[in-house]
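Please read the points below alongside the model, taking them in order. They begin with one pair of residues and widen from there.

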Amino acid sequence: ALNNTSRSQATAPINISNTGCPAQGSGSGSLHQFWQTFHSEPADRCPSSILKLRGTVYILYDVNISEGFNLRRDVYIRMAVFVRRLQRQRKRFANVRLVLPPWPRLYHWHSHNLEQSHLLWRHFFDLTSLRRYAKVLDYDEFLAEYRTFGMPAPPYVHISQVFRLMHYEVMLEQGIFRDKYERVSPNADDRACNEYSFVGGPLLQQELLRYGRYHCVRFQGSAGLVERMLREAIDEDTSGPEDVNDMRVYAVLSAETVLHDHWGDEHFWSARRSMRFAQPLAQVAEDFRRNVLSTTDTSAGVQRPALWDMERPKRDAKGGEYLCAHLRRGDFVKSRETTTPTLKSAAQQIKQLLRAFNLTTVFVSTDATPYELLELKELFYRFRFIHFTPESSAQRLQLKDGGVAIVDQLICSYARYFVGTYESTFTYRIYEEREILGFSKASTFNTFCKALGGNCARNAVWPIVWGNDEDDDDSDADYYHSDSDLY
Ligand SMILES: C[C@@H]1O[C@H](OP(=O)(O)OP(=O)(O)OC[C@H]2O[C@@H](n3cnc4c(=O)[nH]c(N)nc43)[C@H](O)[C@@H]2O)[C@@H](O)[C@H](O)[C@@H]1O
């Protein structure tokens, strides 16, 4: 259990006695004394590994506990675009790092016999690929890097300020949506924001984390506004020129409150393209496609160069000889009853599509129960009905529930034709993957109807945007502050 008192009191000066730099010869000191000594000592007397971390700002973040995996991926993009822009355009943030929050056990991960708490991002994503877009650290990498500053044992991490974001109760002022934020006092009885609740994300439960000030912040606006919030905090934590460039650690909770600076622009898509899945997961999907669906990158005509930044606009991918349906069940069956088809209706719609495209194989990606799956399969008499399940318990242990879902997504991404579920972020992430691989929009942006033949709501079409992310657009760089702040 969280020991609230001790967690919020880590305000002691940071001891730097283990760094091996001349500054530590005399024992401990605050971090700014450490850097001060750097100024007066020849740089080559300190390890370059530490010297290069001068002025680092670590941004930790977490997401509301009830959000699913695929919305969390979108929140990552907001933060990654923000951090990349900060790092490239703001001197004080030249050494900014985004610390990836360990994955808590998500509400949709039902398998109880698997260890699926505190998972690192490299279990799901290719960190090298993420880092070709933004300076990110997996949580254990952050701990290791923080330790190089020379911490006493046990190596607690000191977050100087925590910001728990909340929506405004009323969003519009005289009909206008304005970007703004405001700190409000935390209140132990307040269910919306209370320091001891982990609704905004369980990050602070990590055992080595200690924090100083905890703010509840009403927040309305995009990631650019987070910069203003961080600068205000850095100003408060800086006592003078001697510590102006100290290393800082901040945390933003309920980061899903932060909006995209520009949703769906080329920066969004570069960050999205950098989100390649971890190689072991990609390999399982590749093997399944080849062995069960006779589909390879070459036969499907998709693009998957070694590096995401080598991808180019493309629309002529062919896909494997199968149709993929993402059929969201679970909570959607009740909470979105008016738009989620019954199994029978879904089967009718799929069969109609199979006939239209002269296909005989359907791959079904779903969170349906085993019983529902059997029921569905029986409706596909005379068609080939394929569903992915791990081939062994060792593979299930390796993939975990999150990995199985990724394999499903990767198989759907290579299909000749895809149809997904209305308003499911799981479906949206497949749309995006297919956009990157080079499929036509018509083969991708399709949505199940509640019933065959009726008028029905369709998911939005957000096609890929290509650009040259090297010339980061600076046009709105000054949006949130005056010229004097451009340091
Ligand atoms: C309305 C909201 O919808 C959100 O769901 P939605 O966007 O579909 O998508 P997600 O946020 O990813 O949450 C759904 C989760 O259910 C599992 N899941 C769903 N479809 C599949 C599938 O085809 N294959 C596998 N293997 N797993 C699947 C998976 O763990 C996935 O992350 C929810 O997260 C929110 O809690 C809320 O209910």
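1. Tyr-58 has Val-249 as its bridge partner in strand 9, where strands are DSSP runs of E with at least two residues and helices are runs of H or I with at least four, both numbered from the N terminus. The model is predicted, so local features need pLDDT of at least 70 and side-chain atom pairs count only at pLDDT 80 or more, while totals for chains, interfaces and linings use all residues. Residues are numbered from 1 along each chain as its sequence is written.

2. Strand 1 (residues 57-61) runs parallel to strand 9 (residues 248-253), and the two are paired over 5 bridges; pairing requires that DSSP finds at least two bridges between the strands. Both belong to an open sheet of 7 strands with mixed pairing, ordered 3-2-1-9-4-8-7, whose edges are strand 3 (136-137) and strand 7 (180-184), each paired on one side only.

3. Helix 4 (residues 69-89) packs on this sheet, touching strand 1, strand 2 (96-99) and strand 3, with its direction at about 165° to that of strand 2. Contact here requires C-beta atoms, placed from the backbone, to lie within 7 Å, and the angles, from 0 to 180 degrees, are taken between N-to-C directions of lines fitted to C-alpha atoms, for helices over the stretch in contact.

4. Where does the ligand lie? Domain 1 (4-12 + 29-266) and domain 2 (277-437) both give residues to the shell around the ligand, so it lies between them, the domain bounds coming from an automatic or database domain assignment. Helix 14 supplies the largest share of that shell, 4 residues.

Notes
Contact = placed C-beta atoms within 7 Å.
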